[in-house]
Amino acid sequence: MGMKIGAPKETAPGEARVALTPESAGRLQKLGYDCLVESGAGAAAAFTDDAYRAAGVTVVDTADDVWSGADIISMVRPPSLEQVEAAPEGKTLITHIYPGQNEELLGKLNEKKLTVMAMDMVPRISRAQKMDALSSMANIAGYRAVIEAGNNFGRFFTGQVTAAGKVPPAKVLVVGAGVAGLAAIGTSTSLGAITYAFDVRPEVAEQIESMGAEFVYLDFEEEQTDGAETGGYAKPSSPEFRDKQLAKFRELAPEIDIVITTALIPGRDAPKLWTKDMVAAMKNGSVIVDLAAERGGNCDLTVKDERIVTDNGVVIIGYTDFASRMATQSSNLYSTNIRHLMDDLTPEKDGQPNVNMEDDVIRSATVCHQGEITFPPPPPKINAIAKQAPKEKKVEETPEQKAAREAAELKKSLDQTGQMLAIGGVVLLLIGSVAPVSFMQDLIVFVLACFVGFYVIWGVAHSLHTPLMAITNAVSSIIIVGALLQIGSPDETVGYLAAASILVAAVNIFGGFLVTRRMLAMFQKS
Amino acid sequence: MSIGLITAAYVVAAILFILALGGLSNQEKAKRAIWYGITGMTLAIIATLNTPGLGDPSMVIFLLAVGGIAGAYIAKQVEMTQMPELVAGFHSLVGLAAVFIGFNADIEMTRALTAVDAGTAKELTGFAASIAKKTGVELSILKVELLLGIFIGAVTFTGSIVAYGKLAGKISSNALTLPYRHQLNLAGIGLCLLFGYQYIETGDPANLIYVAIISGAIGWHLIMAIGGADMPVVVSMLNSYSGWAAAAIGFTLGNPLLIVVGALVGASGAILSYIMCKGMNRSFVSVILGGWGGEQSSAQEVEGEQIAIDTDGVASALNDADSVVIVPGYGMAVAQAQAAVSELTRKLRAKGKSVRFAIHPVAGRLPGHMNVLLAEAKVPYDIVLEMEEINEDFPQTDVSIIIGANDIVNPAAQDDPGSPIAGMPVLEVWKSRQVFILKRGKGRGYSGIENPLFFKENSRMYYGDAKGSIEALLPNVA
């Protein structure tokens, strides 16, 4: 009998997501679990109770029923202290915890002897990507940020020339090219905006450019740290670097229509990157979307959870619930993240979670276990990202250099041909000086035939190489001619050997030609 | 027929053979080219049978009929996946014939010389008669040619049998590495030279038999030492040898048709070997001297995880894709998945998606093997492209599907200078948006080299038997 996984309705105001969807329930059942859900839990994310029932999920009336009926409770937001107070002991809880900021909650959870898996503590290694809820939510937030910006922006993203006049394309600057930043870049470029992006980690320039945006380079000499050392996250930059960066932003501010900031450093307040004077320099009607609002915002003027309009008409959006604003999508991804975690927790597929503290990923995510607080986890054994090899600069060769190189290559190949001809000629002369005429005649035929062969075979299509081998197989049985000339000999041994040769060569001739024909007949044009 | 007429027939036959090989430059011409080859062969045999003094042809016709029926039967029965072993097997026959004809030439030579001594040379006919006219130097050259014919023929014979056995799975395809294997080969060649020299000096046919046996052993050992992944090179090399054997016999018999055709075939095989070696970025010598292995240490460790995906995931990605590239490898042939692949292609193309195939020069166990398999499964040849034609298109490709291929899509060849296959040209599938790899299990490929492609972020492993996996996809793709 498998354990039960339950999802209560989220209680935080405005939270529309749900930690269990009908689809993920189906997958969890394959792992041997039974699922239950509080009635109406999925309503805000467009999952009806009936849809849950259709997927074989038991729908219960209250959150208490979930807490008492399920062995494993999956949620989106951290539970409130009251919820924990009311929770029965010994259950397993899977949700966002933010244990670094929520010590009191962590203590409470531990008092209740809950096993707690924090989705926000899943390490950022490739094996754990499938359960990395922070990334999947950030991806949605990045997309939604652009959509919100468009909603508040009075113009098209893409440039157009219409009968009613020319429309310039919008210019978008994305600051911070993490998961959210890259998602924003992708959305923005596909809407047709001219997109610029900045990040303190130079190694992401390639990713930015691959998404179709332009990387804003700083003219800065400092040896910039490799993201590999910090688990792929940014780390604080030096004051000089920051000055350069702000100067660059100041220069860009008057031109940019939409700014999307996503800069976060783990465990710190968001760095202030878009200052008051930059906002003041922006055009009326411009939009700033601050995805770092939760942690104080990248922009000086951001107000958390609010949309404000400055005196000069710049809209600043400080929402923190972007993912919740797309509840269906984010519930789908989040519940899939949880399902993947359960996958790893249930290697036997028997509906019994196995909290294996030897496993790097599970160890990191588990913050409370068997009455002990297991946060913070030891550093992971493997690096998140392979160390970046320093990029070599490719030197574009000028047309003259190219011409010179090609000329040199041609000369080299001609020289080689010349050398080979000279050597071949000498060898032939040497042979000719000793060999009798009859041999030389044969040799001439042989050499010429080799040349003809080389020229003819180079022209053969690669796709016909197998038929070529089969036909050369048949053709090489021309050796039968030798046997035919010998079979008439009065010597018996000669007769037998020649007969055997004719026999095997005949197999080869017929077999080779017929199989070639069979193959060639198969090649059909569409 | 007069000698002049026969020679004329030989010239025509030689031209027809050249046209037959040249006609393989494209698929449509090729269908006619095969008839040039058949006509040429018929002409050559009829002309030879009409050589004055050859005697009754009924025995020959009987032998041709028996051999022909056997050959036709084999050609009809063989599966296209078995082409590599068939070709290898046929090569051995040419090698065997060359050895026999070489021995015959020696016997005839002895007979002719005895007759000359006895003063009855005028009664000789055919080959023996021509030997009787030869001078001392010409006789020595004849012996050298004869030795060469037997040497190459015997190497081809045993080598091809081993290749056949390895390709047909009758012997292990692992490289056999005897201690001192290079020295063994060298010793063998030295012995051949020694016995050959004695033969030229004394004319004792026993030496000829020793040469045949030793060269047969060399052929066996040479091919035993080559691993399965290098088989395309081996087969084309043996193809080349069978040509050179025919040419050597042509020299022995003084027959220009044999020389011309032997040279054509020899050149053809040599070029194929060259193309294969280039496809693997290895030198011909290193392939011939034996399999790789033991050079793993310097290769980079691969970090990350192979992420599996199920049928639904692959199907929905295919349904969303506009352009699909399929990369088949030997695994497709092993799993007999080509018909299912063709059906998948047809379905996707019916949806208006672009589906193409990318063929690496060394995919499969024979040059062009994949093309033949796909053609058999009725995949139109104009969507089957070579590596150079398609490599630039991967960044614009939505989905790449790798079916039973490994080394030919290994990014380590470009990224990791320590990899044993560093520098080998590969299909850059990882540049496409998504890569699905059909594989039986997590193991390494034929060559035992770790493939970082499987660990890339846009790669998903679709485990299972290739045929079953694709057939499971079919109902879900719509």
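1. Let's start with contacts in chain B of this predicted model. If you take the contacts in chain B with a separation of 6 or more, 77% of them are between residues 24 or more positions apart. Keep that in mind when you scroll along the sequence of chain B.

2. Next, what chain B is made of. Chain B has 18 helices and six strands. Of its 478 residues, 57% count as buried. The accessible surface of chain B is about 18,700 Å², and carbon and sulfur atoms account for 60% of that area.

3. Now have a look at strand β1 of chain B, residues 323–328. Six of its six residues are buried. In a regular strand, side chains alternate between the two faces of the sheet. You can follow this here: B:Ser323, B:Val325 and B:Val327 sit on one side of β1(B), while B:Val324, B:Ile326 and B:Pro328 sit on the other. Both of these faces are covered.

4. Who are the neighbours of β1(B) in the sheet? As background, strands of a sheet pair through backbone hydrogen bonds, either parallel or antiparallel. β1(B) pairs with β2(B), residues 354–359, in the parallel sense over four bridges. One bridge partnership to look for is B:Ser323 with B:Ser354 of β2(B). β1(B) also runs parallel to β4(B), residues 399–403, and five bridges join these two strands. There, B:Val325 has B:Ser400 as its bridge partner.

5. Stay with β1(B) for a moment and pick out B:Val327. Which residues does B:Val327 touch, leaving aside those up to four places away in sequence? The list includes B:Ala358, B:Phe394, B:Ile402, B:Leu427 and B:Val429. B:Val327 is also among the residues with the most contacts inside the largest nonpolar core, together with B:Leu318 and B:Leu427. That core has 201 residues, and helix α4 of chain B (residues 83–118) supplies its largest share, 17 residues. Another core, of 42 residues, lies apart from it; among its members are A:Leu20, A:Ala55, A:Met137 and A:Ile338. In general, nonpolar side chains in soluble globular proteins tend to be buried together.

6. Over to chain A, which has a sheet worth tracing by eye. This open sheet has eight strands in the order β3-β2-β1-β4-β5-β6-β16-β17, with mixed pairing. At its edges are β3 (58–60) and β17 (372–373), each of which pairs on one side only. Further in, β5 (residues 92–95) and β6 (residues 115–118) of chain A run parallel and are joined by four bridges. A:Ile94, for example, has A:Met117 in β6(A) as its bridge partner. Helix α11 of chain A (residues 327–345) packs on this sheet and touches β1, β4, β5 and β6 of chain A. The direction of α11(A) makes about 140° with that of β5(A).

7. Last, a short helix exercise: α5 of chain A, residues 103–111. Its buried residues are A:Leu105, A:Leu106, A:Leu109 and A:Asn110. Why do they count as one face? Seen down the axis of α5(A), the buried residues fall within an arc of 135°, so they line one face of the helix. The cover over them includes α4, β5, β6, β16 and β17 of chain A. On the face turned away from the buried side you'll find the exposed residues A:Glu103, A:Glu104 and A:Glu111. After α5(A) comes A:Lys113, with a positive phi near 55°.

Conventions: Residues are numbered from 1 along each chain as its sequence is written. Chains are lettered from A and ligands numbered from 1 in the order in which they are written. This is a predicted model: local features need pLDDT of at least 70, side-chain atom pairs count only at pLDDT 80 or more; totals for chains, interfaces and linings use all residues. Side-chain values use heavy atoms; hydrogens and water are left out. Two strands pair if DSSP finds at least two bridges between them. Contact means heavy atoms within 4.5 Å. Axes are lines fitted to C-alpha atoms, for helices over the stretch in contact, and angles run from 0 to 180 degrees between N-to-C directions. A nonpolar core is a set of buried Ala, Val, Leu, Ile, Met, Phe, Trp, Tyr and Cys residues joined through side-chain atoms within 4.5 Å. Buried means under 20% relative accessible area, exposed over 50%, partly exposed in between (1.4 Å probe, protein chains only). Accessible areas come from the Shrake-Rupley method with a 1.4 Å probe; for residues, only the protein chains shown count as cover. The arc is that of the directions from the helix axis to the C-beta atoms.
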